[in-house]
Amino acid sequence: MTDLRRFFNHWKFRGQLDSLPLPAPIPRGRCTFVPHIYSRAEIRRLVSEEALNSTKRPRVIDPTTLRTLLLFLYGTGVLLSEALTLKESDLDLTRDVITVRRNAHARRRTIPIGPDVHKLLTTYLRSNIRKQFKNGNLFLTRNGTPVYNPTLNGMFRIVRRNANVVRFDGGRFQPRLHDFRSTFAVHRIAAWYAKGIDAQKVLPALGAYLGQVGLVSMNRHLSLTPEHYRKHLSAGTDYRDAVNRRNCPLVAEFLRNIEP
């Protein structure tokens, strides 16, 4: 194609052609990113002592802080930046609410927390590693400095490998810290379906809780929830052969999760 273009450009330059008689370029396919939805078994492995205490040399972030941070991300669905900028003064454990913001200049929002997150934060604030520091950021290093993204991501990659949490569905990236946010949303939607609640009617509330404007992102979370599709699949639908013929591991894994 390059040689042909040069040939036509030559004749166009000499005034023999008004335009290049070449086909329109093929549009590039749009790559859709699919977040990893952690199973509860994977989360238990990530916060296990074996995964968190796998090195003899003390790391910048102690295991107690890292465990609390991972469970906090899963239990609240907040953005990683919101968790890392959270101040101890932003916690109101009397009313069980926290105030989060993406950065120092972003708009704040106040969200409720459940009893499990309340217990998690209370235990962390009373831990030996945390009670020596007062005020400031909630999540701190061993030296009392704020936890930064690059350090945290590096440690998480080590913990993820130790916990053998690996993605085999053909996704572009291995499981990330940000995927806890999508996992929170999907598990919440699945819990609604388990209780017989129409998730589509309460999606706006979940969107407001997560600080997401519009339903595009929320519908995406809905599309990642296997329980949403179970009622649409009849018992006589033989979809396994079609999936195997297409050799699509991502779809195959998703359909396996749909099965009761």
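Of the 260 residues in this chain, 39% count as buried, where buried means under 20% relative accessible area, exposed over 50% and partly exposed in between (1.4 Å probe, protein chains only). The model is predicted, so local features need pLDDT of at least 70 and side-chain atom pairs count only at pLDDT 80 or more, while totals for chains, interfaces and linings use all residues. Residues are numbered from 1 along each chain as its sequence is written, and side-chain values use heavy atoms, with hydrogens and water left out.

**Exercise 1. Describe helix α4 and its place in the core.**

Step 1: Begin with the elements. The chain has 14 helices and 3 strands; helices (H or I, at least four residues) and strands (E, at least two) are DSSP runs, numbered from the N terminus.

Step 2: Check the length of the helix. α4 has 14 residues and spans 20 Å from its first C-alpha to its last, close to the 20 Å expected at 1.5 Å a residue. The expected span is 1.5 Å times one less than the number of residues.

Step 3: Look at the two ends. At the start of α4, a side-chain oxygen of Asp62 comes to within 3.0 Å of the backbone nitrogen of Thr64. After α4 comes Gly77, with a positive phi near 75 degrees.

Step 4: Examine burial. In α4, 10 of the 14 residues are buried, among them Leu66, Leu70, Phe72 and Tyr74.

Step 5: Turn to the largest nonpolar core, a set of buried Ala, Val, Leu, Ile, Met, Phe, Trp, Tyr and Cys residues joined through side-chain atoms within 4.5 Å. Of its 51 residues, Phe72, Leu152, Phe180 and Leu206 touch the most other members. Helix α4 (residues 63-76) supplies the largest share of this core, 7 residues.

**Exercise 2. Find the surroundings of Arg176.**

Step 1: Locate the residue. Arg176 sits in the loop between α8 and α9, and its relative accessibility of 27% makes it partly exposed.

Step 2: List its neighbours, with contact meaning heavy atoms within 4.5 Å. Leaving out residues up to four places away in sequence, Arg176 touches Phe33, Pro35, Tyr38 and Phe156.

Step 3: Add the distance along the chain. His36 is 140 residues from Arg176, yet their C-alpha atoms are separated by 7.6 Å.

Step 4: Find the polar partner. The side chains of Arg176 and Asp179 make a polar contact (2.7 Å); such a contact is a pair of N or O atoms within 3.5 Å, and within protein one must be able to donate a hydrogen and the other to accept it, with residues adjacent in sequence counting only if both atoms are side-chain atoms.

**Exercise 3. Compare the settings of Asp96 and Asn164.**

Step 1: Recall the background. Most residues other than glycine have a negative phi.

Step 2: Read the angles. Asp96 has a positive phi of about 60 degrees, and Asn164 has one of about 55 degrees.

Step 3: Place both residues. Asp96 is in the loop between β1 (91-92) and β2 (97-100), while Asn164 is in the loop between α8 (149-162) and α9 (179-194).

Step 4: Add accessibility. Asp96 is partly exposed, at 24% relative accessible area, whereas Asn164 is exposed, at 54%.
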